[in-house]
Amino acid sequence: MMQWTVRLEARTSAGEVKTTELVTFSRPAVVSTLAEVGLMLDETKTLLAGLQASMLCGQVAAYAAYHRVCAACGMLRPLKDRRTRRLQTLFGTVEVEAPRFKVCRCRQPVPMEAVTVSPVCTLLTARCTPELERVQAELSARTSFRDAARIFDTLLPASPANQESVRTRTHAVALQLEAADRQAAAKVTAVRDAPDKAAAADASRPVVMLDGAYIRAIPGHQVRNFEAICGKVERDGHPTRRFALVRSVAEQPHALLRAALQDQGWREGDAVTVISDGDPALPALVRSATGGPVEPILDRFHLCMRVHHVEQVMRGLCALEPPPLAPLNHAQIDVERLRHLLWNGHHEKACEALGRITSWAKDVIVLNAPGIEAKARRLVARCTELRSYIENNKGALIDYGPRYRAGKPISTSRAESTVNQLVNARMNKRRQMRWSPRGAHHVLQVRAAVLDGRLGHLAIQLAT
Ligand SMILES: [Zn+2]
């Protein structure tokens, strides 16, 4: 038989050493299978739990002893009673002594029984460590609450985690993140620069890319689906910042957005560029959150999708054998020019071209057999769609070419990938999950923070 004993040597600041035997592992003198080689998970859990209990109890005892000393006379305050407190940690639940002390004798004539202090209760402000809360939140932002609880249970001697406790902690962390955002939003400074300086800063103004996503609601909710707004704020020289919110339940949606902008060096009054897919609510949200100038840009990707629909139907018509009755050439050229016109900011000309294509398609409907007629009707529909899309978004259509050549973003495809990262990967329909708006909003807060790498930063912020 071979044995390994792990002894813990704790050394206090005074140099006292206390040795505790943590655990002993045994194996046959000569192992016979691969499974007997090395540490086992269960053994590791026991080891970690023992180490945690030992360390934590030692620290808490030292804390209680330190705070027992009366600040006024230096004497020990009398002990009232010994209680215990439980603390949940990543490495198990630890029960610690939490003695209560009476008021010092030097403070008399305060009635002896009137005042008792429990220093340990002042130290242990929560039932679980911030690290346990944060790691559980991080894991459940990546996978389901149930799976997060299972992973914990499998790998760590952590305090028992069920789906509910993991969910509760995730919500707690989300509330902390929102509170931190509100604080940051309140600290936004105003622009005080001269106009020319502001113009120079213009070159790298923050770009907000916004997109919406639908999430399935829990049964009994008023609607089947509700919307989450996801976005990204980008600015040269700053790490990208993601944000997401469910508008109906976000306590201060403006604060979330302002905090994300502030993170990118945005100041009150600075102009912001907003790229979105044509839903006017999205630039409006940014406008009301910033209270300053907003330059809306219609997302190039969504515009191209609609042009593509027109091109596709036209290609179908051109491929017909025999060709439809009605001169094809001009309409074909007009369709081919659409992309070019919209890319270079010639929206009026694009609308004129769409008008010509539509009237040609109407001729086709009149002149041809029903099979072709259906295709031509589809072309009319697609053209009308694109035309009203252009007209509704007139203020957000730009000359994309120069902006693109300057290396500036022109598409929310990056915002869409944010939707995928934030919403679809955790909440999409395939996962068969249904959400309450509040639950989804909270998980999105944590998920955005996890993807940005902000969650660890939050812990530091809270600790200081
Ligand atoms: Zn005293």
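Is C73 buried, partly exposed or exposed? C73 is partly exposed, with a relative accessible area of 35%. The legends below walk through a predicted model, one close-up at a time.

**View 1. Four cysteines hold the zinc ion.**
Welcome to the metal site. The zinc ion is coordinated by the SG atoms of C70, C73, C104 and C106, at 2.2 to 2.3 Å. The angles among the 4 donor atoms run from 102 to 114°, and the site is tetrahedral. If you follow the donor residues along the sequence, you will find them spaced C-x2-C-x30-C-x1-C. C70 counts as buried because its relative accessible area is 5%, under the 20% cut-off. C73, by comparison, is partly exposed at 35%.

**View 2. R7 and E21 pair between two strands.**
Side chains of opposite charge can pair when their charged atoms come close. Here, R7 and E21 form a salt bridge, and their closest N and O atoms are 3.6 Å apart. R7 belongs to strand β1 (residues 2-11) and E21 to strand β2 (residues 17-27), so the pair ties together parts that are 14 residues apart in sequence. Both R7 and E21 are exposed. The structure as a whole holds 23 salt bridges.

**View 3. R258 and E268 meet in a salt bridge.**
The N to O distance in this pair is 2.7 Å. R258 sits in helix α7 (residues 253-263), while E268 is in the loop between α7 and β9 (272-276), so the salt bridge ties together parts that are 10 residues apart in sequence. How accessible are the two partners? R258 is buried, with a relative accessible area of 15%, whereas E268 is partly exposed at 29%.

**View 4. D452 pairs with R454, and D81, R83 and R100 form a network.**
Two more charged groups are worth a visit. In the salt bridge between D452 and R454, the closest N and O atoms are 3.0 Å apart. R454 counts as buried, with a relative accessibility of 16%. Elsewhere, salt bridges link D81, R83 and R100 in a network.

**View 5. Helix α10 has a kink centred on R337.**
Helix α10 covers residues 329-343, which makes 15 residues. From its first C-alpha to its last it reaches 22 Å, close to the 21 Å expected at 1.5 Å a residue. Look for the kink of about 35° at R337. The buried residues of α10 are A331, D334, V335, L338, L341 and L342. Among the elements that cover these buried residues are α9 (300-318), α11 (347-367), α12 (370-392) and α13 (400-405). After α10 comes G345, whose phi is positive, near 80°.

**View 6. Helix α11 has the span expected for its 21 residues.**
At 1.5 Å a residue, α11 should span 30 Å, and its end C-alpha atoms are indeed 30 Å apart. Buried residues of α11 include H347, A350, C351, W360 and I365. Also buried in α11 are A353, L354, I357, T358, A361 and V364. What covers them includes α9, α10 and α12.

**View 7. T143 is buried in a loop between two helices.**
The loop that holds T143 runs between α3 (130-142) and α4 (145-155). T143 counts as buried because its relative accessibility is 14%, under the 20% cut-off. Which residues does T143 touch, leaving aside its neighbours within four places in sequence? The contacts are A148, I151 and R426.

**View 8. I229 is buried in strand β7.**
Strand β7 spans residues 225-234 and includes I229. The relative accessible area of I229 is 4%. Leaving aside its neighbours within four places in sequence, I229 is in contact with L210, D211, F243, A244, L245, R247, L282 and L285. I229 and V423 are 194 residues apart in sequence, and their C-alpha atoms are 9.6 Å apart in space.

**View 9. S417 in helix α14 is partly exposed.**
Helix α14 covers residues 413-427, and S417 has its place there. S417 has a relative accessibility of 26%. The distance from S417 to C230 is 9.8 Å, C-alpha to C-alpha, although 187 residues separate them in sequence.

Technical notes:
Residues numbered from 1 in each chain as written. Predicted model: local features only at pLDDT ≥ 70, side-chain atom pairs only at ≥ 80, totals over all residues. Heavy atoms only, no water. Donors = N, O, S within 2.8 Å, 3.2 Å for Na, K, Ca; no water. Tetrahedral: all angles 85-135°; square planar, octahedral: opposite > 155°, others 65-115°. Buried < 20%, exposed > 50% of the residue type's maximum accessible area, 1.4 Å probe, protein only. Helix = DSSP H or I, 4+ residues; strand = E, 2+ residues; numbered from the N terminus. Expected span 1.5 Å × (residues − 1). Bend = angle between axes of the 7 residues up to and from the residue. Contact = heavy atoms within 4.5 Å. Salt bridge = Lys/Arg side-chain N within 4 Å of Asp/Glu carboxyl O.
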